[in-house]
Amino acid sequence: MQKLSINSESNVRCSVGGCKLQKRESCPCVASKIAFTSLPSGLTMNNNNNSKVLQCTACHCHDETDKAVNRISNKNTSPEIVNDDNGQKRTTESFLSAEKQKMVHDLCQQLLLTDEQNKELSRKILHEIKNGLAKETHKKADVKCFITYVQDLPNGKERGKFLALDLGGTNFRILLIHLKEEHDFQMESRIYPIPEHIMIGSGKQLFDHIAECLSNFITEHKVKNERLPLGFTFSFPLKQLGLTKGLLVTWTKGFNCDGVVNEDVVQLLKDAIARRGDVKIDVCAILNDTTGTLMSCAWKNPTCKIGLIVGTGSNACYVEQVKEAEMFDGDTHGKPHVLINTEWGAFGNNGALNFIRTKFDEEIDRHSINSGEQIFEKMISGMYMGELVRLIMVEMVRAGVLFKGQSSDVLMTRGQFFTKYVSEIEADEPDTYSNCLMVLEELGLTEITDEDCANVRYICECVSQRAAHLVSCGIATLINKMNEPHVTVGVDGSVYRFHPKFHNLMVEKITQLLNPGLSFELMLSEDGSGRGAALVAAVASRDDNVIHKK
C-alpha cells in the first residue's frame, strides 16, 4: 500500500515516487476531506502529533480517485470496475493485485543484473585475479589466488589404500578409499561432530580431537598397523607454502580457535598425532574442498580444469600456467601448470562490487560475524541467500504488500528463513504453491493468498538468479582466461546440488559470456572434499611424483 499524508490543509500532494498526484495542485481523494471515526476495510491510519497518515490502496494509481476511496469505504463487497493506467477496465481486486505485484517487481529489479553490469563484473573479476597472481599486487589483492602446489591431475593409474580427512564445517569426515582398477574404488567413511566449545576453543583442543577420531577410525577399520598416505581437505582460506604446508589466513564458518591463524595447519595435525603416538599416517597433501572437487571430477573426466563450490560458502580453483603464477615459490619440476585456489569469496572487500550491492546486502554484511569481508560470497552462498529473501519479504510486509501486512515472530527473526526454503519454493510447478504454503505456514504466517505465494516465489527467483549469474560471471572469466577449446567445470555444494534451477541458470549465463570458439560443461562432483583429498594423496604418492621429489 502507498501512503498519503493528511493534515489540516485540504490541498496535499502524494509523496510516493511515481504517483500522478505529485503533479496536481491538490489531492482530489475524498479521504483528504473526510474524518473517519472507524476506518473502512482497505484503509489503515497511523497518528502522530501533527498529522494522520492514511494508507490508500488505490487513490494514487489513476484518475478516478474519489471513486477509488468510495469503493474501499463502501460496505458492498461486490466487485467494482475501474480503469487502469492503460484505460483497460479491471476489477478493483485484480487492479490492487497487479499493483502489489508491481511493487514487488520494482523492489527486486535491483537484483537483476543488466548485460552491461555482467560485462563490468567480468572485467573486475579478471582484474582482481591478475592482482592475486602477480607478486607486485598480491599482498593487497582481495582475490588472493593462492598456489596449491598441485601440478598433476589423476591419470586413472592410481592404486592402493588412502585416507582422507575432510574438515570444513561443524562436522568433519574421515574416509578410507581403496583405488582398484580404473574408475573402480571402495570407500568407507564416518562423520564426527565438532562440539561448539571446541570450534571456539584452542587450536590444540581442535587438533587433539581430530587425532583422537583418526585413531578410533583406523582401529575400527583394521588399518592401524598400515602406514597410509592421507590427503587433508581444509576448507578455510589457506596460504599454501608447499603441497604439505599451509597457513590459515582467517577462520570462517563459525570457527574461531586460538593459535591457528598464520600457523601451519599440517604441522598442527602432525603434532597432535605425535602426542598420541598410536597413529601411523603420512600427510601427503593439504587442499581445500574446491581443489578436491576438481580432482574428483578429473579422475573421471580429463577435461575438468575448474573446481567450483556453491554451498555454505563459495570458491573456485582452476588450472593456470606456471609462468602466470608469480607467487609460485619452489621447484616446478619442469611442469607447466599448477592449480590456483582463487578464494574469490573475498572479491569486493575493496568496494569493487558496490555498483551492484543493495541495501539488503549491506544489512546482511553489517550483522555478520565478519563484517566487511567475503563480500562476493555473501551475495552468492547458501549461508546468506535465505536471509536476503527474508529481508525483502519483511520490507514488503511492512509496506502492506504481503500477507495483508501481517508478519510473524519467526519471519521477523534474523536467520530463520533457511536457504533450503528457497529451493523448495522454486521447486513448485507453475501456478501451484504447495511447497510455498508449507514454508510460509512453518514461518507462522496465516494471512496467505496465492498472490502472496506468487510474489514470494518471485523474490526467491530473483535472489537465486542473481547468485547464479554472479557465479557464472566468475566461471566464464576463468574459462576465457584459460582459452582452452573445451573445459569441464566440476561443481559441488548444497546450493548447486539441491536448487532446482541453478544449473540451468548457470549454463545459460556462462554460454552468453564465453568468448567465441570456447565451450564448457558443468559436472556434478561426487564427494570432492572426501574422494578428492584421497586422490591428491594418491597422485602425490604416484611413482612419477615420488621420483621428482627425490
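In this predicted model, the search for enclosed space returned 1 cavity of 30 Å³ or more. The largest cavity holds about 40 Å³ of space. Its lining is formed by I125, E128, I129, V143, W344 and F347.

The cavity belongs to a protein chain of 550 residues, of which 54% are buried. Its secondary structure amounts to 18 helices and 18 strands. Contacts that are distant in sequence are well represented: where the two residues are at least 6 apart in sequence, 68% of the contacts join residues at least 24 apart.

Helix 7 offers a pleasant case for a closer look. This helix covers residues 265–276, 12 residues in total. From its first C-alpha to its last it reaches 17 Å, close to the 16 Å expected at 1.5 Å a residue. Its buried residues are V265, V266, L269, A272 and I273. Viewed down the helix axis, these buried residues fall within an arc of 125 degrees, so they line one face of helix 7.

The partners of that set of buried residues come from several parts of the chain. Among the strands, they pack against strand 7 (160–167), strand 10 (228–234), strand 11 (238–242), strand 12 (245–248) and strand 13 (281–287). Helix 6 (203–220) is also packed against by the buried residues of helix 7.

Both ends of helix 7 deserve a brief mention. At its start, the backbone nitrogen of V266 has a side-chain oxygen of D264 within 3.1 Å. After the helix comes G277, with a positive phi near 75 degrees.

Definitions and conventions. Residues numbered from 1 in each chain as written. Predicted model: local features only at pLDDT ≥ 70, side-chain atom pairs only at ≥ 80, totals over all residues. Heavy atoms only, no water. Helix = DSSP H or I, 4+ residues; strand = E, 2+ residues; numbered from the N terminus. Expected span 1.5 Å × (residues − 1). Buried < 20%, exposed > 50% of the residue type's maximum accessible area, 1.4 Å probe, protein only. Arc of directions from axis to C-beta. Contact = heavy atoms within 4.5 Å. Polar contact = N/O pair within 3.5 Å; in protein donor to acceptor, adjacent residues only side chain to side chain. 1 Å grid on protein atoms, 1.4 Å probe; cavity = no way out; pocket = protein on both sides within 12 Å on 5 of 7 lines; lining within 4 Å. Points joined across faces, edges and corners; volume = space filled by probe spheres on them.
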